[in-house]
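Here's a quick tour of a structure you may want to poke at yourself. Take a look first, then read on.

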Amino acid sequence: MIKEILTSSSFLDKSTTMYSSVNKAIPNGIISSPVNKWKHNRKLMNSTFTHRTITAFIPIFKRGTNILVEELDGFVGRGELEVFEIIKQTFLDMALETTMGTGPNQTNNNHNKMISGFNYLLKQAATGAVLSTVKLGFLTLTPRYYRTQQFIQAHIEKLIKDKRKANNCKGNSKTMENQSNSDDCYTKKEAIFINRALNFQDQGLFGQDDVINETKTIVSGSFDTVSTQIYSILIMLAMHPNVQEKLYVELIQVMPENNISLEYKHLKHCPYMDMVIKETLRLMPSIPVIGREAANEIQVNGINFPKDIQVMIPIFILHRRKDLWGPNANAFNPDNFLPERMSERRPYAYIPFSKGARNCIGWYYAETVLRIILFGLIRNFKFSTSFQYENLVFSNHISLRYVEEPKLQIYRRNHAIEKIN
Ligand code: HEM
């Protein structure tokens, strides 16, 4: 049934109830836009998430990982502490750089304000999604909410203006790319989402609104999901020391010295790290439920779905079904993703990035950044917690949340690497 819905052209629209708060926070972006607009924009945007683009972002991911390692180093030896906020801030920094080209290196006073602005807006959107179910979503639309919206809008508009000015050739962002000095910079600059979106505008394929809305969409779509996933992986490893040790042994074998440059090829030699990431995405998917709406009356597997009916697909519950994952479906066990076990499993039993035409556009981005961050963190630190796995309680709304966020204790490894090059 899930396969039929996710691959059906009648179920490409998002559920109105579920996504109304998202649509308010990030209006008219592909996450929530109606199918006709979505089709046009998604087709263009698919070309901005290719292997080449994501590879160009690897230096940004490595730099961000080094910053996170530096920040967490300050937590070493201080007992159990909250780490989620620092993960969120560091990843948002990376997301802003890959999407808008604005990084902490720039003397941009508004950068920190942007970080807290997106952070606040998405918190309100998540709360709004919950309150909408009892028709109280409006409670999140506070004056601060509107001020934040206006600030982000104005900031992106200014960014576009500055970019256009820097080109010194209004309407031709190719010139800007040609002006960059080094090959590395050229590729990175070309890959940055907003530069691609401006190219679409130059070709008459995007309006200025599309450039702004889709830029916000990409930051918002990546920020909450990836930072929650990193946090979830660290919690799982802290609660399962044997798994953490096995992963550390794999990473030290791939990178025994501390002066080797981490390249994409290294990541391909870390099968256990991939299993750990996949298992966390199974038990703690950042998006625990998705919702679609029928564009017309349709029969699926003999069941009649009237037009406009909203259908929820509970990824969280699907990933823990005992008939699909065995009697220990709720236990954390990366071996669930051993190749022989995966080949036995039905393909739609595991859908952390959804499937079909409206799946996650950033899944490859997510997989790459998660691997680099995890590599940096586990190669440098050991994590522990006194919080028990059995005591985790989730609030499964538009994005996964922990009712009580476990704190982590951090220890530095003996053969830590100073920096990922
Ligand atoms: C662990 C990380 C991530 C997870 C678990 C995740 C999960 C998902 C899921 C389940 C959907 C489908 C939503 C639905 O059908 O209602 C989705 C859509 C989307 N994701 Fe992700 N995502 C992640 C990271 C990212 C990243 C890094 C980006 C951008 C760089 C991104 C951008 C988007 C966008 C724009 C959509 C809407 C796609 C469309 O409707 O065409 N996501 N994501």
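Let's start with H11: this helix has 32 residues and reaches 47 Å from its first C-alpha to its last, close to the 46 Å expected at 1.5 Å a residue. Keep in mind that this is a predicted model. How many of the 32 residues of H11 are buried? The count is 30, so H11 is largely enclosed by the rest of the structure.

H11 also matters for the ligand site, since seven residues of the shell come from H11, the largest share. Helix H18 (363-380) joins in: H11 (208-239) and H18 each supply at least two residues of that shell. In total, 24 residues surround the ligand, and the closest are Gly221, Ser222, Thr225, Cys360 and Gly362. By class, the shell breaks down like this:

| Class | Residues in the shell |
|---|---|
| Nonpolar | 13 residues |
| Polar | eight residues |
| Charged | three residues |

Now for the sheet. Three strands make up an open sheet, ordered E1-E2-E5, with antiparallel pairing. Strand E1 (13-14) and strand E5 (310-313) are the edge strands, each pairing on one side only. Between E1 and strand E2 (residues 290-293) there are two bridges, and these two strands run antiparallel. In that pairing, Asp13 stands opposite Glu293 in E2. Helix H2 (residues 16-25) packs on the sheet and touches E1, E2 and E5. The direction of H2 makes about 110° with that of E2.

Note on methods. Residues numbered from 1 in each chain as written. Predicted model: local features only at pLDDT ≥ 70, side-chain atom pairs only at ≥ 80, totals over all residues. Near = placed C-beta within 6 Å. Helix = DSSP H or I, 4+ residues; strand = E, 2+ residues; numbered from the N terminus. Nonpolar A, V, L, I, M, F, W, Y, C, P; charged D, E, K, R; others polar. Expected span 1.5 Å × (residues − 1). Buried ≥ 20, exposed ≤ 12 C-beta atoms within 10 Å, placed from the backbone. Pairing = 2+ DSSP bridges. Contact = placed C-beta atoms within 7 Å. Axes fitted to C-alpha atoms, helices over the stretch in contact; angles between N-to-C directions.
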